[in-house]
Amino acid sequence: MATKVVLYSYWRSGCSWRVRTALALKGIEYEYKAVHLVKNGGEQHSEEYKTLNPTELVPTLSLSRPDQPDFSVSQSVAILEFLEDFELWNDRKKLLPSNPEEKAKVRAFVQTIASDTQPLQNLRVIMHPYVAENKSAWVQHWVGSSFKALEKTLEVSSGKFCFGDEVTLADVCLVPQVYAARRFGLDLSPFPLITRIESDLLALPEFAAAIPSA
């Protein structure tokens with residue numbers, strides 16, 4: 001029996017989108033299991049899913065391997081790092097530079113999105129009574145603030161993509177965040193590098209295949 005990979009995902013989740021893109025770039029086959037975050041009060045709150053992922057969030061990646069205990073991991077950045085490190089896929093496309101300094105810069109870019117930006121637009125945040133009535137303004141403020149920093153970073157680091165001319169985890173995380181910015185009505189005209197890189201990335205088949213509407 002070959003290794004079976006299962007991704008528990010919600011179609012519009014930016015965190016899940018990152019993982020779908022990385023799986024496509026690495027050519028890793030997987031089974032997709034939808035977890036609807038709204039239907040029936042949110043399927044992520046079911047007892048079955050909570051057993052798999054006690055945080056009640058998506059995504060979750062699970063592996064079943066011959067003669068090995070089943071394994072699952074949550075949190076998109078942890079999953080991305082696992083896909084990068086797991087020995088079974090050592091021969092697949094690398095999404096982190098080998099140079100330690102460049103690797104640290106890519107990871108910092110990733111965390112600006114994954115830790116400082118995306119959580120503030122998460123469903124459980126924007127549906128909170130303190131935020132819900134002004135959720136678009138809330139998201140525009142926080143995403144806009146982060147995009148100012150990311151745009152400045154890209155003035156130094158970018159080539160065709162976020163860090164030179166090779167796709168990295170920074171690119172994997174950028175595209176879903178730009179989608180969310182548009183969804184909540186952020187004016188992207190002050191961020192020409194971000195939008196140009198997004199356009200170049202979406203021309204790649206692996207990125208196009210991961211788009212929620214695809």
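**Exercise 1. Helix α4 against helix α7**

Task: In this predicted model, at what angle do helix α4 and α7 pack, and how far apart are their axes?

Solution:
- Locate helix α4 at residues 100-114. Helix α7 spans residues 169-183.
- The two pack at an angle of about 20 degrees, and their axes lie 8 Å apart.
- Angles under 35 degrees count as roughly parallel. α4 and α7 are therefore roughly parallel to each other.
- The crossing of α4 and α7 is left-handed.
- Now list the residues. From α4 come Val106, Phe109, Val110 and Ile113; from α7 come Leu169, Ala170, Cys173, Leu174 and Gln177.
- Sort that contact by class: eight nonpolar residues, one polar and no charged.

**Exercise 2. Helix α1 against helix α7**

Task: Are α1 and α7 oblique or roughly parallel to each other?

Solution:
- Start from the geometry. Helix α1 (residues 14-26) packs with helix α7 at an angle of about 140 degrees, with the axes 9 Å apart.
- Apply the cut-offs. Roughly antiparallel needs over 145 degrees, and roughly perpendicular covers 65 to 115. α1 and α7 are therefore oblique to each other.
- Check the hand. α1 passes α7 in a right-handed crossing.
- Pick out the contact residues. Gly14, Trp17, Arg18, Thr21, Ala22 and Leu25 on the α1 side meet Val172, Cys173, Val175, Pro176 and Tyr179 on the α7 side.
- Count by class. The contact of α1 with α7 holds eight nonpolar, two polar and one charged residues.

**Exercise 3. Building the sheet**

Task: In what order do the four strands of the open sheet lie?

Solution:
- The order is β2-β1-β3-β4, with mixed pairing.
- Find the edges. β2 (31-34) and β4 (71-74) each pair on one side only.
- Look at the twist. Neighbouring strands are turned by 20 degrees against each other on average, direction ignored.
- Take one pair. Strand β1 (residues 4-9) and strand β3 (residues 60-64) run antiparallel over five bridges. One bridge to inspect joins tyrosine 8 to threonine 60 in β3.
- Add the helices. α1 packs on the sheet and touches β1 and β2, its direction making about 150 degrees with that of β1. Helix α3 (residues 76-85) also packs on the sheet. α3 touches β3 and β4, and its direction makes about 130 degrees with that of β4.

**Exercise 4. The β3-β4 hairpin**

Task: How many bridges join β3 and β4, and in which sense do the strands pair?

Solution:
- Four bridges join β3 and β4, in the antiparallel sense.
- Leucine 63 has phenylalanine 71 in β4 as its bridge partner.
- Between the strands of this hairpin sit six residues. Aspartate 67 there has a positive phi near 60 degrees.

**Exercise 5. Unusual backbone**

Task: Which peptide bond in the loop before β3 is cis?

Solution:
- Recall the usual case. Most residues other than glycine have a negative phi, and most peptide bonds are trans.
- The bond from valine 58 to proline 59 is cis, with omega near 5 degrees. Proline 59 lies in the loop between α2 and β3.
- Glutamate 56 is in the loop between α2 and β3 too. Glutamate 56 is not a glycine, yet has a positive phi of about 60 degrees. At 22% relative accessibility, glutamate 56 counts as partly exposed.
- Move on to the loop between β4 and α3, where glutamine 75 lies. Its phi is positive, near 70 degrees. Glutamine 75 is partly exposed at a relative accessible area of 45%.

**Exercise 6. Two partly exposed helix residues**

Task: What do leucine 52 and lysine 103 touch, leaving aside neighbours up to four places away in sequence?

Solution:
- Leucine 52 lies in helix α2 (residues 47-52). Its contacts are Tyr8, Thr60 and Ser72.
- Buried means under 20% relative accessible area. Leucine 52 has 25%, so leucine 52 counts as partly exposed.
- Lysine 103 sits in helix α4. Its contacts are Leu96, Pro97 and Ser98.
- Lysine 103, at 25% relative accessibility, counts as partly exposed.
- Finish with a distance. The C-alpha atoms of lysine 103 and arginine 18 are 18 Å apart, with their positions 85 residues apart along the chain.

Notes: Residues are numbered from 1 along each chain as its sequence is written. This is a predicted model: local features need pLDDT of at least 70, side-chain atom pairs count only at pLDDT 80 or more; totals for chains, interfaces and linings use all residues. Side-chain values use heavy atoms; hydrogens and water are left out. Axes are lines fitted to C-alpha atoms, for helices over the stretch in contact, and angles run from 0 to 180 degrees between N-to-C directions. A crossing is left-handed if the near helix is turned anticlockwise from the far one by less than a right angle, and right-handed if clockwise. Contact means heavy atoms within 4.5 Å. Ala, Val, Leu, Ile, Met, Phe, Trp, Tyr, Cys and Pro count as nonpolar, Asp, Glu, Lys and Arg as charged, and the others, Gly among them, as polar. Two strands pair if DSSP finds at least two bridges between them. Buried means under 20% relative accessible area, exposed over 50%, partly exposed in between (1.4 Å probe, protein chains only).
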